Amino acid sequence: MDFRSVRWRKALPLCLALVALQACLPARAAAPKTYIVQMAASEMPSSFDFHHEWYASTVKTVSSVQLEGDAGDPYSRIVYNYGTAFHGFAAKLDEDEAERMAEADGVVTVLPETVLRLHTTRSPDFLGISPEISNSIWSAGLADHDVVVGVLDTGIWPESPSFSDKGLGPVPAKWKGLCQTGRGFTIANCNRKIIGARIFYNGYEASSGPINETAELKSPRDQDGHGTHTAATAAGAPVPDASLFGYASGVARGMAPRARVAAYKVCWAGGCFSSDILAAVDRAVADGVDVLSISLGGGSSPYFRDSLAIASFGAMQMGVFVACSGGNAGPDPISLTNL
């Protein structure tokens, strides 16, 4: 007798029952993801006093499951509220909720979270505005202009001589920003050159889990070097006798060496998440930056599907000039980003 076939015949009814049960069970809902929701601010119902109340009510309306306690609190699902360069919020939603959200009153568009990567720039050479070129737009007026440049990147290394505040006057009275402290970064790391430093990580942690604080500094300090590089490229003070291990000695300087720097750290070990970038743009405009420098990018999208493009337009309406990198993927055709 084949005992294996006997065991199989005995087990078959149980297997069929399990298959039938599985077919009857509802499909498991996909795990919630972060979505950015653009709202028409002017369409807020009169029953709400504040936009964030309206946003929370909208989240509650589209929720798939009405849960009890903190899990059922719509505010707990909101990652960010935006209200300066961009009107809306970022929230954790499943796919069905995101589809219902797109049909809700007052919603302009619903965009999935995207991850941007670091870019590096050679802007002065590319634009042909080297100081040696006479009659160029690189003039004393540009070099000495006392503007505030907000840099969205990996943070800043304040000890770099590019961020010396020697010869700079008081911080502009219009400035509303602050220096956020954390491991490896204190109030003393800000000066009249670095006048602001903030970090944004809610979107990153919502998608990737808590930042490993033993390996990564949850503060404005730059562990990567990219943010320090881009900040110095835009607004680094002149540094004489700079060289690469003794070669190519000369003066290193930024494009506007007397400009102030406000560092907004939006990039972490796992990338730069669009909800954090959007929050930084919104905050930087409210802080009072004159220029936003963003050397980050991903794939290209139509303007109305690109949260950074929408926020850049909002910043422009508030009088802020936004400069984004064109990408690192050239020289192939159709390789530009941040179009």
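This passage describes the strand pairing, helix packing, disulfides, ring contacts and selected side-chain contacts of the structure. The model is a predicted one.

Strand E10, which spans residues 260–265, is mostly covered, with six of its six residues buried. The burial extends to both faces of the strand. On one side lie Arg260, Ala262 and Tyr264, and on the other Val261, Ala263 and Lys265, all of them buried. Two strands were found to pair with E10. Strand E6, formed by residues 148–153, runs parallel to E10, and the two are joined over six bridges. Within this pairing, leucine 152 has tyrosine 264 of E10 as its bridge partner. Strand E7, formed by residues 194–199, likewise runs parallel to E10, with five bridges between them. Here the bridge partner of glycine 196 is alanine 262 in E10. Tyrosine 264 and alanine 262, the E10 residues named in these bridges, belong to one side of the strand, together with Arg260.

Helix H8, comprising residues 226–235, is also mostly covered, since nine of its 10 residues are classed as buried. These residues are His226, Gly227, Thr228, Thr230, Ala231, Ala232, Thr233, Ala234 and Ala235. The buried residues of H8 pack against strand E5 (115–118), as well as against E6 and E10. The helix thus shares a packing arrangement with E6 and E10, two strands that are themselves paired in the parallel sense.

Two disulfides were identified in a search of the whole structure. A disulfide is a covalent bond between the sulfur atoms of two cysteines. One of the two links cysteine 179 to cysteine 190, with an S to S distance of 1.6 Å. This link is left-handed, with -105 degrees about the S-S bond. Cysteine 179 and cysteine 190 both lie in the loop between E6 and E7, so the pair ties together parts that are 11 residues apart in sequence. Both of these cysteines are buried. The other disulfide is formed by cysteine 267 and cysteine 272, whose sulfur atoms are 2.1 Å apart. In this case the link is right-handed, with 110 degrees about the S-S bond. Cysteine 267 counts as buried at 4% relative accessibility, and cysteine 272 is buried with a relative accessible area of 2%. When bonded cysteines are counted along the chain, the disulfides follow the pattern 1-2, 3-4. Cysteine 324, by contrast with the buried cysteine 267, is partly exposed, its relative accessible area being 31%.

Aromatic rings were examined next. Seven aromatic pairs were found across the whole structure. One of them is the stacked pair of tyrosine 80 and tyrosine 82, with 5.9 Å centre to centre and 25 degrees between the planes. Tyrosine 80 is buried, with a relative accessible area of 11%, and tyrosine 82 is buried as well, at 3%. Elsewhere, ring pairs link Trp54, Tyr55 and Phe89 into a cluster.

Rings also take part in arrangements with charged side chains. The charged end of arginine 221 sits over the ring of tryptophan 157, at 4.3 Å from the ring centre. Similarly, the charged end of lysine 218 sits over the ring of tyrosine 201, at 4.2 Å from its centre. Lysine 218 is located in the loop between helix H7 (202–208) and H8. The side chain of this lysine additionally makes a polar contact of 3.0 Å with the side chain of glutamate 205. Not counting residues up to four places away in sequence, lysine 218 touches Gly182, Ile199, Tyr201, Glu205, Ile211, Glu213 and Trp268. Its contacts therefore include both tyrosine 201 and glutamate 205, because contact means heavy atoms within 4.5 Å.

A further polar contact involves threonine 109, which is placed in strand E4 (residues 107–112). Threonine 109 is buried, with a relative accessible area of 11%. The side chain of this threonine makes a polar contact of 3.3 Å with the side chain of arginine 305. With neighbours within four places in sequence left aside, threonine 109 is in contact with Ile36, Val37, Gln38, Phe304 and Arg305.

Terms used:
Residues numbered from 1 in each chain as written. Predicted model: local features only at pLDDT ≥ 70, side-chain atom pairs only at ≥ 80, totals over all residues. Heavy atoms only, no water. Phe/Tyr/Trp six-rings, centres within 6.5 Å; stacked < 30°, edge-to-face > 60°. Buried < 20%, exposed > 50% of the residue type's maximum accessible area, 1.4 Å probe, protein only. Lys NZ or Arg CZ within 6 Å of the ring centre and 35° of its normal. Helix = DSSP H or I, 4+ residues; strand = E, 2+ residues; numbered from the N terminus. Pairing = 2+ DSSP bridges. Disulfide = S-S within 2.5 Å. Polar contact = N/O pair within 3.5 Å; in protein donor to acceptor, adjacent residues only side chain to side chain.
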